[in-house]
Amino acid sequence: MASKADKQHVETLAAEQQNFGNQPKGVDWTVIALTCQCKDSIYAFQRELEIRQHKGSIAPGVVLLTVEDPETCVGSGGATLNALLVAAEHLSAKAGYTVVTSDVLQTARILILHMGRDFPFDDCGRSFTCLPMENPDSKAEALVCNIDVLLHNMTYKLGPGCTPGVWVCSTDMILTVPSYPDICWEGFSGVKVVSVPGTVSYARDHGVYFIDQEGYVCDIIYKGTEERIKECALQDGRVPLVSGIVFFSWETAEKLLATHVTPPLDSCTYMGLDSGTRPVQLSIFFDILLCMARHTREDVFVNRANKILQSSDITKPTRADSSDMAIMRSARAVLWQELRGIPVTMAYIADGCYDYMTLSADDHIRNLTRRGSMSSCFVVHHIVHSELTHPAMLNEDCSVINSLLDGEITVEPNSVVQHCHLQGSIHISSGCLLSGVDLMSSAVLCQYQLCDIIIQGHHIRLRDLKLKIFSITGRQDDLQVPFTTDSSTFLNVPWAEFFERTGIKKEEVWGPGILEEEQCLLNAQLFPVFHVTEPIGMEDVLWFLGLERGRFLRKWQLAWRLSIREVLSCLDQQAELVWRQQLFLSQAQRKVQTTLLARKDTSLWPLIRAAVCEGNEQQILNTLDAATATVDLGIAARTLACVADVLGCMAGGQGGLRSGPAANPAWIDAFQLLEKGNVVLGVKRLTEERGKWLNRPDLLVRAARHYEGAEQILIRRAVMSAREFISMGQVELPPMNQWVVAECPARIDISGGWSDTPPITYEHGGAVLDIAVLVDKRKPIGAKVRRIAEPKLHLVLNSGGREQRMAMEIVCQSLEDLQDYCQPRAPGALLKAAFICTEIIHYPSHVSLRDQLMTGFGGGFELHTWSSLPHGSGLGTSSILAGAVMAALITAAGKSSDTSSLIHAVLHLEQMLTTGGGWQDQVGGLVPGIKIGRSKPQLPLRVDVERIAVTDEFVKTLNDHLLLVYTGKTRLARNLLQDVLRNWYARLPSIVENADALVRNTEECAQAFLKGDLSQIGQCLNTYWQQKKYMAPGCEPSAVRQIMAVLRPHVHGQSLAGAGGGGFLYLLTKKPRQKEALERILKASEGLGNFNVHEVEVDETGIAVRLSETEGE
């Protein structure tokens, strides 16, 4: 039994000692090398690594190598030495050397991952066994394989802080590391092994470390006696298992690399193979590490060299002759001479867990259906990367991975369906594993009640012949136990029962060349590969279950058959990976369709990135094109935004910024069709034009901009549905030359902004709480209009307040003068659009402007506008001004409308103007006092307004505590808007959650107003500002951040008005009437720039429209 002193020196990294919190910075790997025993699969697995790098799970600068083992039996030690040599070669060449130099190891961090032996339950091996997990934070959607969990654990949990050197990690186990261990690397040299705890009973079939009082590894025990294993136990009664992970400092790695030129260890590398030497099987733990263990004696180590064959090793056992033993003794002697004396210490992950992936089907199914976290990065689900027509028919304790299930398919607990396309009415009882079943083959499953059955489709290659075959076994079958053993079964029944049920004879299963002790299920030639006259399918193994014996027995006897061992030896792993990728793409395409057509708030961005990384961008574009052909404008607009995302992703970060102009003449035909409502033909024209813009990053970015332009057209058409809620009546025309004056307050948004912005407002639903306010006791926004005798439009835009003399005058005498009404930067565009929106002027029209004015109104109009607020104030100026202009025009034209109609008319006008924007500004400035505007997630878009009933006393209190601070920074909302819409259409989970929170905060804020609770209103205000910043990162300039920091001790809450980025900051002060006090505080603070503090109070009248008393007003 290890002493208590042992426990003081072993690095025990228990959960309570861990550093929890944010994920630490990962290891900057120099090289990641994957060893592979099958040369035909090298390129396929190299591509798998490269795809992971493209998707972002491996850093861009890492050198990726897939290294073929020199021989299939060189062992983990030989594979490590060979991979280390290949990595050193690549780094030497990269550094400009012409020969291999170990100097490159001094600054390198190398990770060697061993794929190991074939695995009978996954044709891509244990490394690429897919797990029922997803990474919610991944930039690109991807299947999670065992290698991905191990890569994450090595990069972010075990490796951080390590010195330069070489990590070696087996991939034949599922390793759970819940926390972030704080492994000590200060002054480290030598070897460090990683261990996790295990029970004594579990350790009987595995390796265990024995640690001395100083914390050094003294021995490595494999399949020891119970008494010997108990001697290794630590203070908690558990034993430190050999987990398959070891770290060599660069000095040690340099010594190990030096052995590759010394016979017989040179035969472990490809150089030795090319030199014709005989391969040596070497274990990294029981040869390389064991020679460094303190209690290992030279005579025992060298002279008792033998091969350790693990229970999960399905390689055919070989009988070592005297020459093999001599070579092994010679190899161990070299290891002893070169590596003896190097210290080996242990990092013990006390809350870690190690599950070796055995040859037991029952163990494998348990691994794929167990719940709980293997890593903080991954989330376990029972359905991952799969599309099902009847998901309710799946038990939550089953697992469905990378599959399509069409029809009434039942999957009961503790069963797994992976990489399958099933169709029909199929019942899969508990204890089953279905893997690689294709659509055509699945039809036969409807005839069977499967229970405790393993069915696998295998892609194999026999020279130039590629085939798909099937195998079937039982969950309880032991692959390696001899046929003569009483416990030996096939399909969970004794062999005798199977032979009697099928008519198959023992001699037909094991030929005369198979020794009796080797007559096991692993070597049983049961599975048909091909037949001279008939095709081979899944029914040719399903009949083993007892149906239609007579029909299939003769066919089976005449077919060429393989055993499981033989199937594994001729697997076409590249074809299997292609099959999995095709399924992944198919489920992704379905996910795109269902997400868009069902209006799900599911982000398609990770899926789009995955498709581009895997070279499937055209398939996703085709799917999106098909989804766009819908009459639903909201769905079509989101789909066009997704196409823009695909194009932007294809550009790979090159070609310029996503935001930019979108009016190239080549796209005009498509745009005009969309403007006219012909979405189907418009999308077809977009697709045709897109094909000409795919061959350069800059063209891809420009094409993406035009797709976003097309998306904006559809958003405009969707928002224009609000026109349904505009109603106008006829009243008497005011006298000629009599002014109609409309004046409006500004607005401050207290909560909910961005939820009113199309398309969020009609896809998610919006709620905004606004206050109409007087600034310095005045309504700052207004317009006046009168009829004039001359049939023209005389437009006067005052750049300052009403009294300012600085004005721009525009005269429109023909319809051509109105044609720039939809160009928001054109002089007077808003005013021109207002004449069209109120239907005073019809444009386009065959009737001239003069005739329209004379016929309808007996003359023209003179229109003046003003605002005393600075440009980009954030107080809703442009929308409120639009409301004021239209209210004045409607009255001057002898029409009438209510405020609700005016709110919807402004929405319509801003779409005509192509500025977009939501409805909160006009609600805030046209409706008096404190109110909530709400919109439901539907079209046509309708805004309902509810006044918040507060007391006069509370309004007075509010006035005493509200202030405006002009920050001196101009707001740039347009760029912010583009980014927000792009993120919304991508349905980034954080954005969707934030939209929910915006609406929720608005309702909570309304309750705070009803209670008259200034402190709670301030909390809602602060929450709202954080939500704004989350919605539109970059909306808080550093100068504004400084002002807010200075004011924070003196306010209940504060926020920039509108979209942020500059303009006005509004405050709810803790003390009343604080204008002068805050001015002094701000002036006393350095570096705040130009600012102004303004009084603000609640406006109780909203928009005020009146006829002037005097003609000249």
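Two strands pair if DSSP finds at least two bridges between them. The exercises below apply this rule and others to a predicted model.

**Exercise 1. A sheet of three strands**

Task: Determine how strand E22 and E24 run relative to one another, parallel or antiparallel, and how many bridges join them.

Solution. Step 1: strand E22 covers residues 426–428, and strand E24 covers 449–450. Step 2: two bridges join E22 to E24. At least two bridges are required, so the two strands count as paired. Step 3: the direction is parallel. As one point of reference, His 427 stands opposite Gln 449 in E24. Step 4: the pair belongs to an open sheet of three strands in the order E19-E22-E24, with parallel pairing. Strand E19 (409–411) and strand E24 are at the edges with a single partner strand each, so one side of each lacks a neighbour in the sheet.

**Exercise 2. The surroundings of Val 417**

Task: Decide whether Val 417 is buried or exposed, and state which residues it is in contact with beyond its sequence neighbours.

Solution. Step 1: Val 417 lies in strand E20, residues 416–418. Step 2: its relative accessible area is 0%. Buried means under 20%, so Val 417 is buried. Step 3: with neighbours within four places in sequence left aside, Val 417 is in contact with Ser 399, Val 400, Ile 401, Ser 403, Leu 405, Val 411, Leu 422, Ile 428 and Leu 434. Step 4: two of these names lead back to the sheet of Exercise 1, since Val 411 falls in the range of E19 (409–411) and Ile 428 in the range of E22 (426–428). Step 5: for a comparison of sequence and space, Val 417 and Leu 465 are 48 residues apart in sequence and 28 Å apart from C-alpha to C-alpha.

**Exercise 3. A sheet of six strands and its helices**

Task: State the order of strands in the open sheet of six strands, and identify which strands helix H28 touches.

Solution. Step 1: the order is E37-E36-E38-E35-E32-E46, and the pairing is mixed. Step 2: strand E37 (807–812) and strand E46 (1104–1107) stand at the edges; each has a single partner strand, so one side of each is left without a neighbour in the sheet. Step 3: neighbouring strands are turned by 15° against each other on average, direction ignored. Step 4: within the sheet, strand E35 (residues 781–788) pairs with strand E38 (residues 860–867) in the antiparallel sense over eight bridges, and Ala 783 stands opposite Thr 865 in E38. Step 5: helix H28 (residues 849–857) packs on the sheet and touches E35, E36, E37 and E38, its direction making about 95° with that of E38. Step 6: helix H27 (residues 829–837) lies across E36 (793–798), E37 and E38, and runs at about 135° to E36.

**Exercise 4. Backbone exceptions**

Task: Find where the cis peptide bonds at Pro 264 and Pro 940 are placed, and decide whether Leu 491 and Trp 754 are buried or exposed.

Solution. Step 1: most residues other than glycine have a negative phi, and most peptide bonds are trans. Step 2: a cis bond with omega of about 0° joins Pro 263 and Pro 264; Pro 264 lies in the loop between helix H7 (250–258) and helix H8 (270–274). Step 3: another cis bond, also with omega of about 0°, joins Leu 939 and Pro 940, and Pro 940 is in the loop between strand E40 (930–935) and strand E41 (943–947). Step 4: Leu 491 has a positive phi near 60° and is found in the loop between strand E27 (489–490) and strand E28 (493–494). Its relative accessibility is 5%, so it counts as buried. Step 5: Trp 754 has a positive phi of about 85° and lies in the loop between strand E33 (746–751) and helix H26 (760–763). Its relative accessibility is 7%, so Trp 754 counts as buried.

**Exercise 5. The largest cavity**

Task: State how much space lies in the largest cavity and which elements each supply at least two residues of its lining.

Solution. Step 1: the structure holds four cavities of 30 Å³ or more. Step 2: about 70 Å³ of space lies in the largest cavity. Step 3: strand E25 (453–462), strand E26 (465–474) and helix H18 (564–569) each supply at least two lining residues. Step 4: by class, the lining has six nonpolar, four polar and no charged residues.

Methods. Residues numbered from 1 in each chain as written. Predicted model: local features only at pLDDT ≥ 70, side-chain atom pairs only at ≥ 80, totals over all residues. Heavy atoms only, no water. Helix = DSSP H or I, 4+ residues; strand = E, 2+ residues; numbered from the N terminus. Axes fitted to C-alpha atoms, helices over the stretch in contact; angles between N-to-C directions. Contact = heavy atoms within 4.5 Å. Buried < 20%, exposed > 50% of the residue type's maximum accessible area, 1.4 Å probe, protein only. 1 Å grid on protein atoms, 1.4 Å probe; cavity = no way out; pocket = protein on both sides within 12 Å on 5 of 7 lines; lining within 4 Å. Points joined across faces, edges and corners; volume = space filled by probe spheres on them. Nonpolar A, V, L, I, M, F, W, Y, C, P; charged D, E, K, R; others polar.
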